[in-house]
Amino acid sequence: MKNILIMGIGRAGKTTLSKMIKDKYNSYNLLHSDSLKWAMIRAKDQEAYFLYLNSDSLMTVGLK
């Protein structure tokens with residue numbers, strides 16, 4: 001099994017392409033970068049620090 005990393009600017013079709021690959025080859029999993037980012041933040045026990053720095057933006061999406 002190969003690893004595929006799809007990168008690009010917002011609204012470029014990364015998720016659409018990822019879903020097409022996943023549908024064609026059932027052995028692939030789709031992970032979003034936000035999941036990986038939060039896993040690294042939590043592993044370093046820096047979640048409170050990150051939430052404090054971004055409290056204004058997090059409030060707009062209802063995460064705080």
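This briefing covers the fold, the main pocket and a few selected residues of one chain.

The model is predicted. Its secondary structure comes to 4 helices and 0 strands. Buried residues account for 9% of the 64 residues in the chain. The largest pocket has a volume of about 640 Å³, and 21 residues line it.

**Overall fold and surface**

- Read along the sequence, the helices give the pattern α-α-α-α.
- No strands appear: the count is 4 helices and 0 strands.
- The exposed area of the chain is about 6000 Å².
- Carbon and sulfur atoms supply 56% of that exposed area.
- Of the 64 residues in the chain, 9% are buried.

**The largest pocket**

- The volume of the largest pocket is about 640 Å³.
- Its lining is made of 21 residues.
- Ile4, Ile6, Ser18, Leu30 and Leu31 are the lining residues that lie nearest the pocket centre.
- Helices α1 (14–24) and α2 (33–43) each supply at least two residues of the lining.
- Helix α1 gives the most to the lining, with 5 residues.
- By class, the lining holds 10 nonpolar, 7 polar and 4 charged residues.

**Serine 18, at the pocket**

- Serine 18 sits in helix α1.
- Serine 18 is among the residues nearest the centre of the largest pocket.
- Its relative accessibility is 14%, so serine 18 counts as buried; the cut-off for buried is under 20%.
- Leaving aside residues up to four places away in sequence, serine 18 touches Ile6 and Leu30.
- Both of these contacts, Ile6 and Leu30, are also listed among the residues nearest the pocket centre.
- Serine 18 and tyrosine 28 are 10 residues apart in sequence, and their C-alpha atoms are 9.3 Å apart in space.

**Lysine 19, next in sequence**

- Lysine 19 also belongs to helix α1.
- Lysine 19 counts as partly exposed because its relative accessible area is 46%, and that class runs between 20% and 50%.
- Lysine 19 and leucine 30 are 11 residues apart in sequence.
- In space, lysine 19 and leucine 30 are 7.5 Å apart, C-alpha to C-alpha.
- Leucine 30 is one of the residues nearest the centre of the largest pocket.

**The aromatic pair**

- The structure holds 1 aromatic pair.
- Tyrosine 25 and tyrosine 28 form this pair, and the geometry is edge-to-face.
- The ring centres are 6.2 Å apart, with 75° between the planes.
- The pair counts as edge-to-face because its angle of 75° is over the 60 degree cut-off.
- Tyrosine 25 has 44% relative accessibility, so it counts as partly exposed.
- Tyrosine 28 has 17% relative accessibility, so it counts as buried.

**Arginine 11, before the first helix**

- Arginine 11 lies in the segment before α1.
- The phi angle of arginine 11 is near 65°.
- That is a positive value in a residue other than glycine.
- Arginine 11 counts as exposed because its relative accessible area is 87%; exposed means over 50%.

How values were computed. Residues numbered from 1 in each chain as written. Predicted model: local features only at pLDDT ≥ 70, side-chain atom pairs only at ≥ 80, totals over all residues. Heavy atoms only, no water. 1 Å grid on protein atoms, 1.4 Å probe; cavity = no way out; pocket = protein on both sides within 12 Å on 5 of 7 lines; lining within 4 Å. Points joined across faces, edges and corners; volume = space filled by probe spheres on them. Nonpolar A, V, L, I, M, F, W, Y, C, P; charged D, E, K, R; others polar. Phe/Tyr/Trp six-rings, centres within 6.5 Å; stacked < 30°, edge-to-face > 60°. Buried < 20%, exposed > 50% of the residue type's maximum accessible area, 1.4 Å probe, protein only. Areas by Shrake-Rupley, 256 points an atom, 1.4 Å probe, with all protein chains shown as cover. Contact = heavy atoms within 4.5 Å.
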